[in-house]
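Me: I would like to learn how to read a structure like this one, feature by feature. Could we go through it together slowly?

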Amino acid sequence: MKEVPLTIRPFGEKALLIEWPIEVKESILNDILAFVSAFTNKYQREWELVPAYNSVTMISLSGAKLDFDTAKARVLEVYEKNTRSVQNERFLWKLPVCYESDFGIDIQKTAKSLDLTKEELIKQHTSYEYIVFGIGFLPGFMYLGGLPKSLQLPRRKTPRLHVEKGSVGLAGKQTGIYPQDSPGGWNIIGNCPVPVFDASHEKPCFVKAGDKIQFQSISKAEYDLRKIEGEIGIYNLEKIPLDA
Amino acid sequence: MLKFLKSGFYTTLQDFGRFGYRNIGVPVSGVMDEVSVKKANVLLENQQEDAVLEITMTGPTLLFESPTYICLSGARMSPTLNNKPIDNYRVIKVEAGDILSYGKLENGFRTYLAIKNGFHGDKVLGSYSQYYPVTSTKCFKDSDEIPYEPVKQYEPAISELKLENHLEQQYIEVFKGPEFSILTDAHLEPLFSKDFTVSKENNRMAYQLTEEIGTHSHSILTSGTLPGTVQLTPTGRLIILMKDGQTTGGYPRVLQLSDKSISVLAQKKFGDIISFKLL
């Protein structure tokens, strides 16, 4: 029997929303991912599950109108009987980022607002491991947790209409990568040459919720090489198993 | 092949969506007005989810290069085959060389072209639905082509459907959304008694409404969203997510449209009036 109280509610005609306590915590994320893994194992073809921070949105794929009580009972049965503590194999991914000002168009200004030198900012940004609390908003957009207070600053007053794919930004408690060209208000400090989303791959997004990300500073020359490799599908990323 | 002599304002290939990738942020996509498409595919004795063209506001000019059967549905856009007017919800035989074009938008906003056995093309992540950058293009342009199977002979079981019309419906049926409880009486009163106008910001991702219902200061941890989720921004604006809508969001989700009401809203355009009816 699990001790974390869940709330389960209908969400429209074909979905359920399951919520854990409203906290950004690795232990809650792990409990969520253990449930997602167990439920998916059992009902893979019937449901699509979207985990994010403290919730899982479960969308029925059957087409028929959802019987809420039956669905809720299934969720609780899987949740309470599940003894697996860890989901699938998780990894720490080391992602290359070029922080040079060609890419990090706001890095000087950002460093100044944070009262850091550019070098200190890069050193700090690359020294932490950020946990993936969910993927959403855009294909391959990772919600990363674990940004230290010393790197937190407000988003830009005026959003840009165009932010380059791969841009690495800081905004509030968040850091992350723009997976595609899009409008955006984050402070851009660098660019990651490896595509985090590629629909032509069998696995379009190599990262999943529960993985961790650490950034590695690379030169412009290495960026150019990794960019070309990335475009033809060679990523050569360093990944370290988390549950070994 | 079906050839686009002119592409129209915004024409896309759509089936019923791309399932199983929302956990990596890929929207479900698929036809905006499922009600209209199901009827056209029923008439052609297709699979319900066979791919169709979704045609928005201003229609394309299309050349059929081989014989087949088609059915139009959804918005009425003054369609003609070789310059002769044709009806929606009727199975129509076309020959090689026939030209389908569209005229004035009479009602609704999105019209559909269904074809015997569905349109083909390249599936990406299990679906034909165009959504950039998951697919390499976002809509059709002049001189594009799309494959279909030639069909010479086919006896439709039913050739025409008379049906209730959801295009004129003004009210949108909604369920309470996950954060419905943050709404105060000051929000609820206008929400369920006033009319709302579809703003210029309306597309396959989301419909924004012009009238605001009052500010709030609730924030939520980013969580899942669905087609038909009604978000309330801090300034009091209502945003209704549609088929290409983001998979997660951080605004409170105050209402959720019924599936049928997504089809109703999909036929509304800038300036149209809607109201909410709680189920």
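**Reading the model step by step**

Reply: Let us start with a single residue: B:S78 sits in the loop between β5 and β6 (80-81) of chain B, where helices (H or I, at least four residues) and strands (E, at least two) are DSSP runs numbered from the N terminus. This is a predicted model, in which local features need pLDDT of at least 70 and side-chain atom pairs count only at pLDDT 80 or more, while totals for chains, interfaces and linings use all residues. Residues are numbered from 1 along each chain as its sequence is written, and chains are lettered from A and ligands numbered from 1 in the order in which they are written.

Me: What is the phi of B:S78 near, and is B:S78 buried or partly exposed?

Reply: Its phi is near 45 degrees, a positive value in a residue other than glycine. As for burial, a residue is buried if 20 or more other C-beta atoms, placed from the backbone, lie within 10 Å of its own, exposed if 12 or fewer, and partly exposed in between. B:S78 has 14 other C-beta atoms within 10 Å, and is therefore partly exposed.

Me: Which loop holds A:N236, and does A:N236 count as buried or exposed?

Reply: A:N236 lies in the loop between α5 (220-231) and β14 (238-241) of chain A, and although it is not a glycine, it has a positive phi of about 45 degrees. Because it has 10 C-beta neighbours inside 10 Å, A:N236 counts as exposed.

Me: How should I read a sheet, and what is the order of the strands in the open sheet of chain B?

Reply: The general idea is that two strands pair if DSSP finds at least two bridges between them. In chain B, an open sheet of five strands has the order β2-β3-β10-β5-β8, with antiparallel pairing. The edges are taken by β2 and β8 (92-94) of chain B, each with a single partner strand, so one side of each is left without a neighbour in the sheet.

Reply: At one edge, β2(B) pairs with strand β3 (residues 52-56) of chain B in the antiparallel sense over five bridges, and B:Q14 has B:V52 as its bridge partner in β3(B). At the other, strand β5 (residues 68-76) of chain B and β8(B) pair in the antiparallel sense over three bridges, with B:I92 in β8(B) as the bridge partner of B:I70.

Me: Why is strand β2 (residues 10-14) of chain B largely enclosed by the rest of the structure?

Reply: Four of its five residues are buried, so β2(B) is largely enclosed.

Me: How do I read a helix, and which residues of α2(A) are buried?

Reply: The expected span of a helix is 1.5 Å times one less than its number of residues. For the 14 residues of helix α2 (residues 68-81) of chain A this should be 20 Å, and its end C-alpha atoms are 20 Å apart, which agrees. In α2(A), the residues A:A71, A:V75 and A:Y79 are buried. They cover an arc of only 65 degrees around the axis, which puts them on the same side of α2(A); the arc is that of the directions from the helix axis to the C-beta atoms. On the other side of α2(A), exposed residues include A:D69, A:E77 and A:K81.

Me: Finally, how many residues of chain A are in contact with chain B?

Reply: Two residues are in contact if their C-beta atoms, placed from the backbone, lie within 7 Å, and here 32 residues of chain A are in contact with 25 residues of chain B. The largest share of the side of chain A that touches chain B, five residues, comes from β3(A).
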